[in-house]
Amino acid sequence: MPSRVCPVVLCFALAFGTVLVAAPGSAVAAASSGPAAAAPAGTAAAGPAHPAAGAAVPPVDPDLVALYIDLHSHPELSLHETATAAKLAERLRRLGFEVTTGVGGTGVVGVLRNGPGPTVALRTELDALPVEERTGLPYASTVKVKNDAGIEVPVMHACGHDVHMTVWAGTAARMAAARQSWHGTLVLLAQPAEEVVKGARAMLADGLFTRFPKPDFIIALHDSPRVPAGRIGFTPGFTLASSDSVDVVIHGRGGHGAAPQTTVDPVVIAARTVLALQTIVSREDDPLDPAVVTVGSIHGGTKHNIIPDEVKLQITVRTYSKEVRRHVLDAIARIARGEAAAAGAPRPPDVTVVEGVPATYNDPALSARLAAALRRRLGDDNVVEGRAEMASEDFSEFGLAGVPAALFRLGAADPEALARAHAAGEELPSLHSSLFAPDRDPTLATGVEAETVMLLDLFGAASPAR
Ligand SMILES: [Zn+2]
Ligand SMILES: [Zn+2]
């Protein structure tokens, strides 16, 4: 639902914080010191097909900065990304892509057929979040809209999907300009509704891999405020967890708070249930197989002296393996029913899994290949392997649809601000924060370079060794 932030998804807000440090003197750091206005205009901005290894990453094109500012100041909620999608579709048309809009809702698919060769897909998301921006940036969002429940909410690109779109558009321009130097089919897809983990599934259901060329590989970047701008982070294998939301309604028998003997108190059952649920991870799950069970919401009752009829729990579950996921979900139901039965509840609780997204798996061979290509271009220090996270993403759906997939992290933190924060034992504002503000120009420049390098490598046109 676009009317609320999906409670189960928090993209890339964790990890890498203690692993990576600022990268002064790196190729990208050097590029970041140059003003965007120094970039050449027009087609020259597309840059060389084979950027010299170790050379400074070209500054971000002013046209892309303008696109970023436009997207940032005009965010749209999940499933309502109409104007955003139109802007991207128009850019792809101008570059010569075959463009289809309205795929899986507001999704956009652009295909650039460039002779025989592999088919490679590059994905961005389109949607923003109901967050009130407090960054103080001159182009900060002031957008407010009515959500589907009719409630006015602020809107902000607090997850950096505007970064992804801008980088994606810049990469499209680079690849279109460099089409003499690679061969194959490039599929650019702009996915709606990532924040509510519905868009990837909707695009697949709308024929993403049947109406359009099915890719041999699919790749994407997600920005991270815990990785300094100029760097790329990655995790082979499982990189993000599955996510399920579970609603539990515990039924009791309400009555007067001063006459508990006439009732079955669902508040007490709920309290026992919340504690008992903690034993799923601590006592039932293999300690080497990560899982999270968080009761994020508990609601029951209206007044001091009334025992209510029911209490509602909202639970988020994160796992990697399918077996652990199944076990945890089954255990929640078992424990909830067991506690209700032990208390003599008049009927068993209702247990409903309301939404779910599988774990995101980075194909190990593809990850190694892309990391090697990125290291040749950006340097070993700027391509860093990190830990997996328990956050979630619906990028997982593309991999499960049978396409080797890799989702890498794009450093978005001002390296000096990140170093200062770490020195103070703090972190910079996370994704989904009203204060999240990427280090714009170096983040965009590195993103375009990284996506171009990865695509060229997958098309067999890798840039030379560093
Ligand atoms: Zn997000
Ligand atoms: Zn995101």
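L79 is buried in this predicted model, having 21 other C-beta atoms within 10 Å, and since the cut-off for a buried residue is 20 or more such atoms, the assignment follows from that count. The residue sits in the loop between α2 (62–73) and α3 (82–94), and its phi is positive, about 75°, although L79 is not a glycine. As background to that value, most residues other than glycine have a negative phi.

V197 is another residue other than glycine with a positive phi, in this case near 45°. Its place is the loop between β6 (184–191) and α5 (199–205), where V197 counts as buried because 24 C-beta neighbours lie inside 10 Å. The table sets out the backbone angle and the surroundings of these two loop residues.

| Residue | Phi | Loop | C-beta atoms within 10 Å |
|---|---|---|---|
| L79 | about 75° | between α2 and α3 | 21 other C-beta atoms |
| V197 | near 45° | between β6 and α5 | 24 C-beta neighbours |

A positive phi also occurs just after a helix: α11 is followed by G460, whose phi is near 80°. Helix α11 itself covers residues 440–458 and is mostly covered, with 19 of its 19 residues buried. Its length can be checked against the expected rise, because at 1.5 Å a residue the 19 residues of α11 should span 27 Å, and its end C-alpha atoms are indeed 27 Å apart, in agreement with that expectation.

A pair of packed helices is described by the angle between the axes and by the distance between them. For helix α4 (residues 161–177) and helix α11, the angle is about 50° and the axes are 8 Å apart; the two helices are therefore oblique to each other, and α4 passes α11 in a right-handed crossing. On the side of α4, the contact is made by V163, T166, V167, G170, T171, R174 and M175, while α11 contributes T443, L444, G447, V448, E451, T452 and L455. By residue class, this contact of α4 with α11 divides into 6 nonpolar, 6 polar and 2 charged residues.

Turning to the whole chain, the secondary structure of the protein comes to 11 helices and 18 strands, and buried residues make up 55% of its 466 residues. Of the contacts between residues at least 6 apart in sequence, 83% join residues that are at least 24 apart.

Note on methods. Residues numbered from 1 in each chain as written. Chains lettered and ligands numbered in written order. Predicted model: local features only at pLDDT ≥ 70, side-chain atom pairs only at ≥ 80, totals over all residues. Axes fitted to C-alpha atoms, helices over the stretch in contact; angles between N-to-C directions. Helix = DSSP H or I, 4+ residues; strand = E, 2+ residues; numbered from the N terminus. Parallel < 35°, antiparallel > 145°, perpendicular 65-115°, else oblique. Left-handed = near helix turned anticlockwise from the far one by under 90°. Contact = placed C-beta atoms within 7 Å. Nonpolar A, V, L, I, M, F, W, Y, C, P; charged D, E, K, R; others polar. Expected span 1.5 Å × (residues − 1). Buried ≥ 20, exposed ≤ 12 C-beta atoms within 10 Å, placed from the backbone.
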